[in-house]
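User: I'm new to reading protein models. Could you walk me through a few features, one at a time?

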Amino acid sequence: MDLLNTLADKGLRRELPTREEALAVLATPDDDLLDVVAAAGKVRRQWFGRRVKLNYLVNLKSGLCPEDCSYCSQRLGSKAEILKYTWLKPDEASKAAAAGVAGGAKRVCLVASGRGPTDRDVDRVSQTIEAIKEQNEGVEVCACLGLLSDGQAGRLRSAGADAYNHNLNTSEGTYGEITTTHTYADRVETVHQAQAAGLSACSGLIAGMGESDSDLVDVVFALRELDPDSVPVNFLIPFEGTPLAKEWNLTPQRCLRILAMVRFVCPDVEVRLAGGREVHLRSMQPLALHLVNSIFLGDYLTSEGQAGQTDLDMIADAGFEVEGAGTTTLPRHRADAGGSCGSQADECGSHSGGCAPCGDEAQAQAAPAEPLEASAARTDLVTVRRRGAGTDLAPNA
């Protein structure tokens, strides 16, 4: 169809789609889903071939966060029965990271709950980064510690951090409905601080929180403007005990449309399939590999993912290959600009090209997704992490 041909051509030229085109991707019918995947897949292959980068999470400090982010199981007031523990020692974190590296992970992501790190916390994480790099030659390390204060990004960079993650999560217009203890502008400022310090910026979103199509397009366009090197796309895991526990708004088909839209808007960026893929994409995860070029291996921060070996089998069976440590993730034009760290994620109808939807159809596209029937909520797939960091059990990698 004309829309998808236009978007594929724009993606090959790194040209920004119009908002109307991005909205139209989210509005394509299920009958056209494979056409959407094929068009976005053409863009993915142009910039990343059939490589899949593996990333591994280490939760340095779990729970007990003073922030009130509605989606988070670690939030203030959360009744989710997650693991709660204070800071891992550097050797403990390094041991956890080694399991992910042994499983094929090229990047280790060090995450700690909280509003932001104290200077003492930065010292602690710096020691952890040094320990990981000493024991795992060539591994990339990304820190995710919340809002940064002046000078902290530079200190992490000096300690050997390659990247910093801080997600925008949702659109600026709806951010206050999700979180009240900090602002959207606070998040943007932290990403800018990371970039100014020479860290590779990683910033993404969470879909499935009841947002409209317009909200999704707003946040992805904001990410394009922010220009991070990697964009993680999370799908809400509705933990019992959190305010969004009943928000089951996603189908596998909608998840694929969202990923395709992100790829069209951010064609040459590492698009990472992140939390919630097992819960919402389920058996359609292999199709997502045609849209993203990066995934997390094994478990997440407070929830369990599918077995690490299953991830590796899925990649191989779908005809993709794990990206090696000696391969640069980003396309040359981005890597040469300093973006790569070392060897571095519902109806088209008659609308074509940049033709804007109008009347009732435009209003329908801007409305929040209708919640799924209760019988469609797959609460059985939400498994709280009980292994790996903070436990005596072996990690999943």
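## Reading a predicted model

Analyst: Happy to! One thing up front: this is a predicted model. Let's begin in a loop: Leu64 sits in the one between strand 1 and helix 4 (90-102).

User: What is the phi of Leu64 near?

Analyst: Phi of Leu64 is near 60°, which is a positive value in a residue other than glycine.

User: And is Leu64 buried or exposed?

Analyst: The idea is to look at relative accessible area, where over 50% counts as exposed. Leu64 has 64%, so Leu64 is exposed.

User: Which loop holds Asp227?

Analyst: Asp227 is in the loop between helix 9 (213-226) and strand 7. Phi of Asp227 is near 60° too, again a positive value in a residue other than glycine. As for exposure, the range from 20% to 50% is called partly exposed. Asp227 has a relative accessible area of 41%, so Asp227 is partly exposed.

User: Let me try residues in helices. Where is Gln309, and how does its accessibility read?

Analyst: Gln309 belongs to helix 13 (residues 308-317). Its relative accessibility is 48%, so Gln309 counts as partly exposed. You can also compare places along the chain with places in space: Gln309 and Leu297 are twelve residues apart along the chain, and their C-alpha atoms are separated by 8.9 Å.

User: How far apart are Gln135 and Gly41, in sequence and in space?

Analyst: Those two are 94 residues apart in sequence, and 36 Å apart in space, C-alpha to C-alpha. Gln135 itself is part of helix 5 (residues 119-135), and at 55% relative accessibility Gln135 counts as exposed.

User: Now, how do I describe two helices that pack together?

Analyst: You describe two packed helices by the angle between their axes and the distance between those axes. Here, helix 1 (residues 2-12) and helix 2 (residues 19-26) pack at an angle of about 120°, and their axes are 11 Å apart.

User: What do we call that arrangement?

Analyst: Angles from 65 to 115 degrees count as roughly perpendicular, and those over 145 as roughly antiparallel. At about 120°, helix 1 and helix 2 are therefore oblique to each other. Their crossing is left-handed.

User: What about empty spaces? What is the volume of the largest cavity?

Analyst: When you read a cavity, go for its volume, then its lining. The largest cavity has a volume of about 940 Å³. It is lined by 42 residues, and the closest to its centre are Tyr71, Cys72, Gln74, Asn167 and Leu301. Strand 2 (107-112) and strand 7 (230-235) are the elements that give two or more residues to that lining. By class, the lining has 22 nonpolar, 15 polar and five charged residues.

User: And which residues are closest to the centre of the second largest cavity?

Analyst: The second largest cavity has a volume of about 90 Å³. Of the 13 residues lining it, Tyr56, Leu57, Arg385, Gly388 and Ala389 are the closest to its centre. Strand 1 (residues 51-61) gives the most to this lining, with four residues. The classes here are seven nonpolar, three polar and three charged.

User: Last one: what lines the second largest pocket?

Analyst: Read a pocket in the same order. The second largest pocket has a volume of about 260 Å³. Among the residues that line it are Leu88, Glu92, Lys95, Gly388, Ala389 and Pro395. The lining has five nonpolar, three polar and three charged residues.

Key
Residues are numbered from 1 along each chain as its sequence is written. This is a predicted model: local features need pLDDT of at least 70, side-chain atom pairs count only at pLDDT 80 or more; totals for chains, interfaces and linings use all residues. Side-chain values use heavy atoms; hydrogens and water are left out. On a 1 Å grid over the protein atoms alone, a cavity is a set of points where a 1.4 Å probe fits but cannot get out, and a pocket is an open set with protein on both sides within 12 Å along at least five of seven lines; lining residues have an atom within 4 Å of a point. Grid points are joined across faces, edges and corners, and a volume is the space filled by probe spheres set on the points. Ala, Val, Leu, Ile, Met, Phe, Trp, Tyr, Cys and Pro count as nonpolar, Asp, Glu, Lys and Arg as charged, and the others, Gly among them, as polar. Buried means under 20% relative accessible area, exposed over 50%, partly exposed in between (1.4 Å probe, protein chains only). Axes are lines fitted to C-alpha atoms, for helices over the stretch in contact, and angles run from 0 to 180 degrees between N-to-C directions. Angles under 35 degrees count as roughly parallel, over 145 as roughly antiparallel, 65 to 115 as roughly perpendicular and the rest as oblique. A crossing is left-handed if the near helix is turned anticlockwise from the far one by less than a right angle, and right-handed if clockwise.
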